[in-house]
Amino acid sequence: MAQKLKTATTLPLFRKGPDLDGEEETPVGLPPALVPSQAVERPPAGVDLTGRPKVLLAIGPGRSGKTTLLRWAAEMTANQGGQAIYAAADPQNRSLKAYVDDVEEPPTNDAAAVTRWLDRLLRFAMEEKTSALIDLGGGDTSLGRLLAEMPDLATVLEAGGLAPVALYTLGPRVDDLASLASFEAAGFRPAATALILNEGLADPTVPREESFARILRHSAFRAAVERGATMIWLPRLEPSVAAEIEAKRLHFMQARDGQSPEGRRVTPLGLLDRSRVRRWLDLMATELGPVQSWLPT
Amino acid sequence: MARPETDEVLAAIDRLPTGSRTPLSRWMREHHDALRERLQGKQPDWTALAKIFASAGLTDRSGKPASPGTARAAWWRTRKAVEAARASARPPVDPSSSAATSVARPAIRPGRQSRPVTPADPLPEDDDPPPDKPAFRIGKLR
């Protein structure tokens, strides 16, 4: 009995495990549901326009994200207590008017009349030291015409106390660079220029850098970046969610918070879609963080 | 019911503010030439000017400091009023005088009137549309 007890006490209570020191970890995880974005070197923050009146010109082909961007900017501006003139150069495009009251627009879509209207609007903003957000519309020619008369428009606006901001919205098609290439060549090179790559227009099954490869390596794009333009990714919002928000004429924050617009009976977004909008708004804040000071105050 | 005397009515009217002019408009009218001389050939900074007017107590209709837009509008109306007053006070040109007939006159287009250019004529910047015409409004979220 005594012998048995002695044997039992000499047995190790726990056995030593295998020696894992130095062993390489095996990667695990579910396959990605979305294509992860490659790590890219972020450009430095855009020029600081804090406290200055500014004119934001949304430039790009139709359905490249100009109105979505301006809707978001309008909400951020209002949320921060800022104010601005909102203008749509294309009187046929009424999408901004569905979200903002008192959107200014030219009396006709005659090219010369739109150019005069844009000229007056810029002068008014300079004199009043008031910020303006202008949706130039897909087929707009007014800025090009104005630049033909005044290649130094950016300098003139600066001298008039108004910071010019060029926001180029781009899809993956190389032709989407047409306005950027032409306006930069014409001499319109505001210090505050953003090249906004709309992920929503890219194939979601391939990395965004691959979708936009032709854009990213184009000389017009690279020249703009080299002179100081800021590259920004416009995050993708699930198309069905974006469509529902648009159909309901909701602000993004209302959609996120499950709210209905005042005075209208609209079914709020479901919980899952609200979560998607919340994530999109968070991504927007991150991506557009470097140019936060470009929003009107 | 006793009717007020005519004199009382007139006296009450006399006590009303002078026309519809604001202190700023009155000042601009009184100092039109001096102000115009200083603004000639410049792109006026109406924000800075509005601050100067406000610090001098020159207010708008409601007695508040005039905004840059209000100041600009007041100056535009003052210029037009002074020009109109001076034009009506100018003696008519005698068409038979030698000065009027010795120079070749350009053909007058139908429907347009021409007259000699005088120092009191509007400056090029006076061709600006009235400041309250292109009143671009501040947008508001719905």
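User: Where does Pro268(A) lie in chain A?

Analyst: Helices here are DSSP runs of H or I with at least four residues, strands are runs of E with at least two, and both are numbered from the N terminus. Pro268(A) is in the loop between helix H11 (252-257) and helix H12 (271-287) of chain A. This is a predicted model, in which local features need pLDDT of at least 70 and side-chain atom pairs count only at pLDDT 80 or more, while totals for chains, interfaces and linings use all residues. Residues are numbered from 1 along each chain as its sequence is written, chains are lettered from A and ligands numbered from 1 in the order in which they are written, and side-chain values use heavy atoms, with hydrogens and water left out.

User: How does Pro268(A) count in terms of relative accessibility, and what does Pro268(A) touch?

Analyst: A residue is buried under 20% relative accessible area, exposed over 50% and partly exposed in between, judged with a 1.4 Å probe and protein chains only. Pro268(A), at 33%, is therefore partly exposed. A contact means heavy atoms within 4.5 Å, and, not counting residues up to four places away in sequence, Pro268(A) touches Gly258(A), Ser260(A) and Arg274(A). Its C-alpha atom is 9.4 Å from that of Ile245(A), although 23 residues separate the two in sequence.

User: Is Ile245(A) buried or exposed?

Analyst: Ile245(A), which belongs to helix H10 (residues 239-248) of chain A, is buried, because its relative accessible area is 0%. Leaving aside neighbours within four places in sequence, Ile245(A) is in contact with several residues, among them Arg71(A), Tyr99(A), Leu237(A) and Phe252(A). Two of these partners also meet each other, since Arg71(A) lies over the face of Tyr99(A), 4.0 Å from the ring centre; a charge sits over a ring if NZ of Lys or CZ of Arg is within 6 Å of the ring centre and within 35 degrees of the ring normal.

User: How many aromatic pairs does the structure hold?

Analyst: Rings of Phe, Tyr and Trp (its six-membered ring) pair if their centres lie within 6.5 Å, and the planes count as stacked under 30 degrees apart, edge-to-face over 60 and tilted otherwise. Over all chains there are four such pairs. One of them joins Phe212(A) and Trp233(A) edge-to-face, with 5.3 Å from centre to centre and 80° between the planes. This pair links distant parts of the chain, as Phe212(A) is in the loop between helix H7 (208-211) and helix H8 (213-216), Trp233(A) is in strand E7 (residues 230-234), and their positions lie 21 residues apart in sequence. Both Phe212(A) and Trp233(A) are buried.

User: What does the side chain of Arg208(A) make a polar contact with?

Analyst: A polar contact is a pair of N or O atoms within 3.5 Å; within protein, one must be able to donate a hydrogen and the other to accept it, and residues adjacent in sequence count only if both atoms are side-chain atoms. The partner of Arg208(A) is the side chain of Glu199(A), at 2.9 Å. Arg208(A) sits in helix H7 of chain A and counts as buried, because its relative accessibility is 10%.

User: Which residues of helix H3 of chain B are buried?

Analyst: An α-helix has 3.6 residues a turn, so residues three or four places apart point the same way. In helix H3 (residues 32-39) of chain B, the buried residues are His32(B), Leu35(B), Arg36(B) and Leu39(B). They lie on the same side of H3(B), because they cover an arc of only 100° around the axis, where the arc is taken from the directions from the helix axis to the C-beta atoms. Glu37(B) and Arg38(B) are exposed on the other side, while the cover over the buried residues includes helix H2 (23-30), helix H4 (46-55) and helix H5 (68-89) of chain B.

User: What value is phi of Lys129(A) near?

Analyst: Most residues other than glycine have a negative phi. Phi of Lys129(A) is positive, near 55°, and this residue lies in the loop between helix H3 (111-128) and strand E4 (132-135) of chain A. Arg249(A) likewise has a positive phi near 55°, in the loop between H10 and H11 of chain A.
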